[in-house]
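Here are my notes on this one, point by point. Have the model open while you read.

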Amino acid sequence: MKKIFTLGISACLLLIGCQKAQIEHTLDQSRDVPWADSSNSHPKNAAFRDLLEKYRAKGLPGISLLVNDKNGTWVGSTGYADIEKKIPFRVGQVAKIASITKLFMGTLLFKMIEDSVNTGLGYNSLYDPLTKWLPSHITDKLPNGNLISLGQCMKHETGIPDVIDEDKFYLEVLNNPVKKWDQEELLEFIYDKDPDFAPGDTAIYSNTNTILVSLVLEAATGKKHEDLLKEYLLRPLALTQTFYQPYDQLPANTAQGYFDLYNNNTIVNVSNLVTGSGNGYGGLYSDVFDLYSFMDRLFIKKTIISQKSLTIMETYGKPDFPNQYGYGIMKKFIDRGEDAGVGHSGRDLGYTANLFYFQNKGVIHAFLLNYGTAGDSNLKKVFEEFQDELLDLTLNP
């Protein structure tokens, strides 16, 4: 997610208390490192530890970080998962991964394409118009709705406005902070809007695109996309610490999420302000171990999808600087040239996450942070400094 509408959010904090919250106070029940932990022997152990402590001291509430490189796997954490209860942010803390959900959705699509006998989807489906699957009462009201393809949705080449840029949507979120939105309810906020550009002219990130992908998967199979996600990915890969809000009960060790609503260096708990989770573009919660396992098998072991699928997935379009988009995947930090990373970032109101494979360096990094960087704040600038220092540390000898 790329923008958060903050006007009046304080009013919703009172409303949340009157509705059933999905995240209550965090319990200290994080899992340990699921292998023989050699972090202390990693040559950058002290540097990674110093980095985390530096940015905890600068105000970031809690961070867990995993880096895999030629020297092995380093993992560490700092800060609080629950500030109010003084619960430490553990290495295996579960937190919201936000738009990294899109990488899972893209991978899911290719798994289903490879299972064409049972799904009715094939590689050519990427080029078929949405009208093949979606009814006219949707496509006729979508900007460019009768002109765009499934593949253009995957690559953000549709010109469809982003639902999260609509102030009316955020006003509704404020009035119903823990509402469980469905896809068509979200699409109503951009129906009959002017398109941002003609299909294929450029690429501009829009969460609405992945809502449409989820609808296509459901129309093609007659199954809910959340069930397909579990059937094709989460259960076969044994990602036991990955959960999909609001369909799954979140575990007791789910970190609280925070944001500086008033930009006065006072952060507020916004864990239960639900910004459309569960509709393809966000909603997954996970820990760094599940994220690393997924990334390792997708890009290094290459056991999740075929090489053909992976090659197509990594066909990138026109830059949306500093990013480029493939089919459900993001190439980020393209200003670093060959050191750009592939994977996806996640930005939400109370949470931030990265999951990237830096192919030129043979490095995977995954981190979770329980502070939102989708909206502007002083701590967003601190986070960006953390991200830059992490990249320098992980990608340089």
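1. Let's start with arginine 90, which sits in the loop between strand E3 (87-88) and strand E4 (95-98); helices (H or I, at least four residues) and strands (E, at least two) are DSSP runs numbered from the N terminus. Before going further, a caveat: this is a predicted model, where local features need pLDDT of at least 70 and side-chain atom pairs count only at pLDDT 80 or more, while totals for chains, interfaces and linings use all residues. Residues are numbered from 1 along each chain as its sequence is written, and side-chain values use heavy atoms, with hydrogens and water left out.

2. Is arginine 90 buried or exposed? Neither: with a relative accessible area of 35%, arginine 90 is partly exposed. The scale here is buried under 20% relative accessible area, exposed over 50% and partly exposed in between (1.4 Å probe, protein chains only).

3. Who does arginine 90 meet? Leaving aside residues up to four places away in sequence, arginine 90 touches Asp28, Ser30, Ser64 and Ser77, a contact being heavy atoms within 4.5 Å. With aspartate 28 there is a side-chain to side-chain polar contact of 2.8 Å. For that term, read a pair of N or O atoms within 3.5 Å; within protein, one must be able to donate a hydrogen and the other to accept it, and residues adjacent in sequence count only if both atoms are side-chain atoms. Also worth a look: the C-alpha atoms of arginine 90 and threonine 78 are 7.1 Å apart, with their positions 12 residues apart along the chain.

4. Now asparagine 354, in strand E12 (residues 352-358). Its relative accessibility is 0%, so asparagine 354 counts as buried. The side chain of asparagine 354 makes a polar contact of 3.0 Å with the side chain of arginine 347. Beyond residues up to four places away in sequence, asparagine 354 touches a list that includes Ile100, Phe333, His365 and Gln387.

5. Phenylalanine 333, one of those neighbours, deserves a backbone check. Its phi is near 65 degrees, a positive value in a residue other than glycine. Phenylalanine 333 lies in the loop between strand E10 (330-332) and strand E11 (341-347), and at 7% relative accessibility it counts as buried.

6. Asparagine 265 also has a positive phi, about 65 degrees, although it is not a glycine. Asparagine 265 is in the loop between E6 and strand E7 (268-269), and at 61% relative accessibility it counts as exposed.

7. Please check two cis peptide bonds as well. One joins glutamine 245 and proline 246, with omega about 5 degrees; proline 246 is in the loop between strand E5 (243-244) and strand E6 (258-259). Another joins phenylalanine 321 and proline 322, with omega about 10 degrees, and proline 322 lies in the loop between helix H12 (307-313) and strand E9 (323-325).

8. Last, a helix pair. The axes of helix H3 (residues 101-114) and helix H11 (residues 288-300) come within 12 Å and cross at roughly 40 degrees. Axes are lines fitted to C-alpha atoms, for helices over the stretch in contact, with angles from 0 to 180 degrees between N-to-C directions. That makes H3 oblique to H11 (under 35 degrees is roughly parallel, over 145 roughly antiparallel, 65 to 115 roughly perpendicular, the rest oblique). The contact is made by Leu103, Phe104 and Thr107 of H3 and Leu291, Phe294, Met295 and Leu298 of H11.
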